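Visitor: I am new to this structure. Please take me through one part of it closely, and then on from there.

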Amino acid sequence: MDCPPEHEDVRPWLYIGVRLKAAGLHVPEVYAQDLDQGFLLIEDMGTQLYLDVLDESHANTLYSAAMDALLLMQTRVNSEDLPMFNHDVMMNGLLIMPRWFLGHYLEHTPDDNEWVLIKKAFAFIVGNVLAQPLCFVHRDFHSRNLMLVSHRTPGILDFQGALNGPITYDLASLLRDAYISWPDARVQGWVRSYWQMLCDNGLIDDEVDCACFQRWFDLTGLQRHLRLLGQFVRLERRDGKKGYLKDLPRIYQYVLEVARSYPELNSLADLLKYHAADHAVTQAPPAG
């Protein structure tokens with residue numbers, strides 16, 4: 001790993017990696033380091049991302065292994081001293097959507113009435129996310145950061161941005177992945193399975209039934225996907241990273257489907273659908 005200190009500080013990656021390894025998770029072994037120059041000699045986990053091998057026949061096995069790893073993170077990794085995934089972090093992430101997706105991609109500037117609608121929807125989403133128990137949050141726990149390895153799958157990458165945040169965040173990243181999608185009934189089955197794992201391990205209270213947990217999962221995923229609608233456009237327009245736009249239709253469909261499921265968010269879905277009418281982003285991607 002070559003991370004010149006003037007461009008990127010590798011210490012957060014090392015700091016979080018030590019915690020994850022101590023919890024029994026498979027992160028790259030660090031064999032040598034030169035922090036002054038930004039060099040690390042680390043374990044080679046190969047080339048097989050989850051995204052490369054996920055298909056109908058392997059999905060249950062691979063997601064089961066990923067959820068086992070996620071449970072270890074949430075039960076064994078202390079996160080109390082990490083930055084908080086708080087109201088301001090969530091709201092700042094959400095505001096990327098109107099600026100970059102509506103403004104730069106759809107070329108629409110929200111008027112005053114639309115801003116009232118948008119902010120009301122955002123407050124509803126954030127309020128529900130803040131109601132959840134806190135735990136270690138990887139922040140990008142998805143198929144491009146999980147590796148199929150010869151032992152202790154998954155190998156886990158890109159954890160330097162970890163936070164103390166809502167208990168469904170990483171599960172939503174995993175099961176409503178920006179890069180691969182599955183039929184909703186199958187996703188709900190995986191969500192029920194993980195809810196039961198959390199109940200069995202005492203991470204959620206008895207009064208949090210599966211319907212409540214599903215709501216947490218939906219709205220936390222929606223917060224993430226609204227941010228990604230704007231972030232992926234920003235990566236393309238500002239940073240020249242062209243590959244991200246091909247995944248916008250999947251994220252857009254996630255946003256519409258979830259927003260349509262909650263009356264408080266129907267107006268937000270209507271706004272997005274109206275301004276994206278006849279746009280390429282409305283073309284639904286294939287399921288995984």
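Visitor: Over the ring of which residue does the charged end of Arg144 sit?

Guide: The ring belongs to Tyr179. The charged end of Arg144 sits over that ring, 3.9 Å from its centre. Keep in mind that this is a predicted model.

Stay with the rings for a moment. The count of aromatic pairs comes to ten. Take Phe101 and Tyr105: their ring centres are 5.7 Å apart and their planes meet at 20°, so this pair is stacked, the cut-off being under 30 degrees. Both residues belong to helix α5, which covers residues 96-105. They are four residues apart, about one turn of the helix. An α-helix has 3.6 residues a turn, so residues three or four places apart point the same way. Phe101 is buried, because its relative accessible area is 0% and the cut-off is under 20%. Tyr105 has 14% relative accessibility and also counts as buried. Elsewhere, one aromatic cluster is formed by Tyr63, Trp182 and Trp190.

Next, the start of the chain. Helix α1 holds twelve residues, 11-22. At 1.5 Å a residue it should span 16 Å, and its end C-alpha atoms lie 17 Å apart, so the two values agree. Its buried residues are Trp13, Leu14, Ile16, Gly17, Arg19 and Leu20. These buried residues pack against β1, β2, α3 and β3 (134-137). Just after α1 comes Gly24, with a positive phi of about 95°.

Two of those packing partners, β1 and β2, deserve a look. Strand β1 covers residues 30-34 and strand β2 covers residues 39-42. They run antiparallel, and four bridges join them. Asp34 stands opposite Phe39 in β2. Together the strands make a hairpin, with four residues between them. In the turn, Gly38 has a positive phi of about 80°.

Arg19 of α1 leads to another spot. Among the residues that Ser79 touches is Arg19. Ser79 is in the loop between α3 (59-76) and α4 (87-94). At 5% relative accessibility, Ser79 counts as buried. Its side chain makes a polar contact of 2.7 Å with the side chain of Asn164. Leaving out residues up to four places away in sequence, Ser79 also touches Cys135, Phe136, Leu163 and Asn164.

Now for Asn128, found in helix α6 (residues 112-130). With 15% relative accessibility, Asn128 counts as buried. A polar atom of its side chain lies 2.9 Å from the backbone oxygen of Phe124. Beyond residues up to four places away in sequence, Asn128 touches Arg215, Trp216 and Leu219.

Last comes Ala172, in helix α7 (residues 169-175). Ala172 is buried, with a relative accessible area of 1%. Ala172 and Phe217 are 45 residues apart in sequence. In space, they are 6.0 Å apart, C-alpha to C-alpha. Phe217 is one of the residues that Ala172 touches. The others are Asp177 and Gly221, again not counting residues up to four places away in sequence.

Technical notes:
Residues are numbered from 1 along each chain as its sequence is written. This is a predicted model: local features need pLDDT of at least 70, side-chain atom pairs count only at pLDDT 80 or more; totals for chains, interfaces and linings use all residues. Side-chain values use heavy atoms; hydrogens and water are left out. Rings of Phe, Tyr and Trp (its six-membered ring) pair if their centres lie within 6.5 Å; planes under 30 degrees apart count as stacked, over 60 as edge-to-face and the rest as tilted. Helices (H or I, at least four residues) and strands (E, at least two) are DSSP runs, numbered from the N terminus. Buried means under 20% relative accessible area, exposed over 50%, partly exposed in between (1.4 Å probe, protein chains only). A charge sits over a ring if NZ of Lys or CZ of Arg is within 6 Å of the ring centre and within 35 degrees of the ring normal. Two strands pair if DSSP finds at least two bridges between them. Contact means heavy atoms within 4.5 Å. A polar contact is a pair of N or O atoms within 3.5 Å; within protein, one must be able to donate a hydrogen and the other to accept it, and residues adjacent in sequence count only if both atoms are side-chain atoms. The expected span of a helix is 1.5 Å times one less than its number of residues.
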